[in-house]
Amino acid sequence: MTTMRRRGRPKGESGSRGRIVTAAEHEFGENGYDGATIRAIAGRAGVDSALVHHYFGTKADLFAEVIGIPLRPDVDVPAILEGPRGEVGERIVRYVLEAFERPDVRRRGVTLIRVAIGSKAMSPPLVGFLSRELIGRITARLDTPDAALRATLVASQIAGMIVTRYVAKLPPIADAPVDELVARIGPTLQRYLFG
């Protein structure tokens, strides 16, 4: 007698997603973003690498899930860079500010920044993620020998703006309208990128 296989997920995989997240937390914590691999995470979780990809897609997606990244600059910034070149700086600033004006993003983003700054274990994976997935993508789009420095200057300006406005809440930047900050900070980013 042959038994028919039921459709859907195989039995016993209901806890796999949680095991993958736990394994990824350990792997990113021990080896940083660049040192962690999907294969190693899958091995720790006792699952096949394909299941990790099924649940999370890419390593960047899994990392974003693990640390609760409220924005996906690795996904959104390439699209921002595709628009009119003369407005890239302003579009980057507007993207960040409009996202952080949403309470859920602001709460998670501020928490992530505080943890990353204060945690020796958390800083290297976050730096690796930002270096590869954000700064690396901006660098690849710039046609200049100092592209990595330019991209890092943009990241430093954005990080400073977020810390000043949302973490330290330093007036008057904390109270300034988004449009004013876009108009004032955007040209600086534009100069970093293309000046």
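Biologist: Let's start with D34. Where is the place of D34?

Modeller: D34 is in helix 1, which covers residues 16–35. Keep in mind that this is a predicted model.

Biologist: Is D34 buried, partly exposed or exposed?

Modeller: Partly exposed, with a relative accessible area of 47%.

Biologist: And leaving aside the neighbours within four places in sequence, which residues is D34 in contact with?

Modeller: Once those neighbours are set aside, D34 is in contact with K59, G128 and R132. There is also a distance to V127: the C-alpha atoms of D34 and V127 are 9.6 Å apart in space, while the two residues are 93 residues apart in sequence.

Biologist: Staying with helix 1, what about Y33 and F63, how do their rings sit?

Modeller: The search of the whole structure gives five aromatic pairs. For Y33 and F63, the ring centres are 5.2 Å apart and the planes are at 75 degrees, so this pair is edge-to-face. An angle over 60 degrees is what earns that label.

Biologist: Which parts does that pair tie together?

Modeller: Y33 belongs to helix 1 and F63 to helix 4 (residues 59–67), so the pair ties together parts that are 30 residues apart in sequence.

Biologist: Are Y33 and F63 buried or exposed?

Modeller: Both Y33 and F63 are buried. They also form one aromatic cluster together with F28.

Biologist: Nice. Changing topic: how many salt bridges does the count come to?

Modeller: The count comes to 12 salt bridges. One of them is between the side chains of E82 and R141, with N to O at 2.1 Å. E82 is in helix 5 and R141 in helix 8, so this salt bridge ties together parts that are 59 residues apart in sequence.

Biologist: What's the accessibility of E82, and of R141?

Modeller: E82 is exposed, at a relative accessible area of 56%. R141 counts as partly exposed, at 41% relative accessibility.

Biologist: What does R94 form a salt bridge with?

Modeller: With E98, and the closest N and O atoms are 3.4 Å apart. Both residues lie in helix 6, four residues apart, which is about one turn of the helix. R94 counts as partly exposed at 28% relative accessibility, and E98 is partly exposed with a relative accessible area of 42%.

Biologist: How about E101 and R165, what's the N to O distance there?

Modeller: Their side chains meet in a salt bridge at 3.1 Å, N to O. This pair links distant parts of the chain: E101 is in the loop between helix 6 and helix 7, R165 is in helix 9, and they are 64 residues apart.

Biologist: Does R165 count as buried or exposed?

Modeller: R165 counts as buried, at 7% relative accessibility. Its partner E101 counts as partly exposed, at 33%.

Biologist: And which residues do salt bridges that share partners join into one network?

Modeller: E27, E30 and R44 are joined into one network that way.

Biologist: On to pockets. How much space lies in the largest one?

Modeller: About 780 Å³ lies in the largest pocket. It is lined by 32 residues, and the closest to its centre are L130, L134, A155, A159 and I162.

Biologist: Which helices each supply at least two residues of that lining?

Modeller: Helix 5 (73–82), helix 6 (88–100), helix 7 (103–118), helix 8 (123–141) and helix 9 each do.

Biologist: How do the lining residues divide by nonpolar, polar and charged?

Modeller: There are 27 nonpolar residues, five polar and no charged ones in the lining of the largest pocket.

Biologist: Last topic, the backbone. What joins P171 and P172?

Modeller: A cis peptide bond, with omega about 0 degrees. P172 is in the loop between helix 9 (147–167) and helix 10 (178–194).

Biologist: And what is the phi of K169?

Modeller: K169 has a positive phi of about 55 degrees, although it is not a glycine. Most residues other than glycine have a negative phi, and most peptide bonds are trans. K169 is likewise in the loop between helix 9 and helix 10.

Biologist: Is K169 buried or exposed?

Modeller: K169 is exposed, with a relative accessible area of 55%.

Key:
Residues numbered from 1 in each chain as written. Predicted model: local features only at pLDDT ≥ 70, side-chain atom pairs only at ≥ 80, totals over all residues. Heavy atoms only, no water. Buried < 20%, exposed > 50% of the residue type's maximum accessible area, 1.4 Å probe, protein only. 1 Å grid on protein atoms, 1.4 Å probe; cavity = no way out; pocket = protein on both sides within 12 Å on 5 of 7 lines; lining within 4 Å. Points joined across faces, edges and corners; volume = space filled by probe spheres on them. Nonpolar A, V, L, I, M, F, W, Y, C, P; charged D, E, K, R; others polar. Salt bridge = Lys/Arg side-chain N within 4 Å of Asp/Glu carboxyl O. Contact = heavy atoms within 4.5 Å. Phe/Tyr/Trp six-rings, centres within 6.5 Å; stacked < 30°, edge-to-face > 60°.
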